[in-house]
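Here's a quick walk through one model, strand pairing to begin with and the ligand site after that. Have the structure open and follow along.

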Amino acid sequence: MEPEFWRKKTLEQLSHEEWEALCDGCGKCCLLKLEDCDTNKVSYTNVACRLFDPETCRCGSYDLRFQLVPQCVQLTPETVRREKEWMPRTCAYRLVAEGYDLYPWHPLRTGDANSVHEAGVSILNQCELEFDVPEDELEDHIVAETI
Ligand code: SF4
Ligand code: SF4
């Protein structure tokens, strides 16, 4: 990977390795979101997707995620630009797409994969799991429009 590539390249210019490394591992994009059918307003809940692994704070089946969870959105430069309004404000893909630097706690800046958790920015130990929350109670778990 080119040193500090996120400051020099656009999303489209990243290598596969750089693209994967850009994810900070916060897990926030794996929280379920609810859309108000009248206003189209999207809100985050504190409930993580059924495939989310609460021990690693990562997808529990990354390679099969689109088969197992059809609603999972594949991040590409196009989807990041199109959907960035609902993406977490700290998301590294959103930051690069908007021309910002990564936060000082990003693992690419610290060299430590745990720094995102130590900074309290991830959902590690801070979310509930989809299997534990009845669907008709999801609304009670709305936390914010953006996180
Ligand atoms: S919100 Fe962005 S940086 Fe965080 S886990 Fe999702 S894709 Fe990675
Ligand atoms: S399928 Fe995996 S990557 Fe997609 S939202 Fe669920 S836990 Fe996250």
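## The β1–β2 hairpin

In this predicted model, β1 and β2 run antiparallel to each other, held by four bridges. If you want a single pair to look at, take K33, whose bridge partner in β2 is Y44. The two strands make a hairpin, and six residues sit between them. In that turn, have a look at N40: its phi is positive, at about 65 degrees.

## What else β2 touches

β2 covers residues 42-48, and it's mostly covered: five of its seven residues are buried. Which strands does β2 pair with besides β1? One is β6 (residues 142-144), joined to β2 by two bridges in the antiparallel sense. Here Y44 turns up again, this time standing opposite A144 in β6. So much for β6.

The other is β5 (residues 128-129), which also has two bridges to β2 but runs parallel to it. For a landmark in this pairing, find A48, which has L129 in β5 as its bridge partner.

## The largest pocket

Now for the open space. The largest pocket holds about 1,200 Å³, and 41 residues line it. Lying nearest its centre are C29, C30, C72, V73 and W86. By type, the lining breaks down into 25 nonpolar residues, nine charged and seven polar.

Which element gives the most to this lining? That's β1, with five residues, so the hairpin strand we began with comes back into the picture. Elements that each put at least two residues into the lining are α2 (16-22), β1 (31-35), β4 (58-59) and α5 (92-97).

## Where ligand 1 sits

Where do you find ligand 1? It takes up space in the largest pocket. Around ligand 1 you'll see four cysteines' worth of labels to click through, C23, C26, C29 and C91, along with D24, G27, L75, P88, A92 and Y93. C29 is a handy one to select, being around the ligand and also among the residues nearest the pocket centre.

The shell around ligand 1 consists of eight nonpolar residues, one polar and one charged. The charged one is D24 and the polar one is G27. A92, another member of the shell, falls within α5 (92-97), one of the elements that supply the pocket lining.

Notes
Residues numbered from 1 in each chain as written. Chains lettered and ligands numbered in written order. Predicted model: local features only at pLDDT ≥ 70, side-chain atom pairs only at ≥ 80, totals over all residues. Heavy atoms only, no water. Near = heavy atom within 4 Å. 1 Å grid on protein atoms, 1.4 Å probe; cavity = no way out; pocket = protein on both sides within 12 Å on 5 of 7 lines; lining within 4 Å. Sits in = over half its atoms within 2 Å of the grid points. Points joined across faces, edges and corners; volume = space filled by probe spheres on them. Buried < 20%, exposed > 50% of the residue type's maximum accessible area, 1.4 Å probe, protein only. Pairing = 2+ DSSP bridges.
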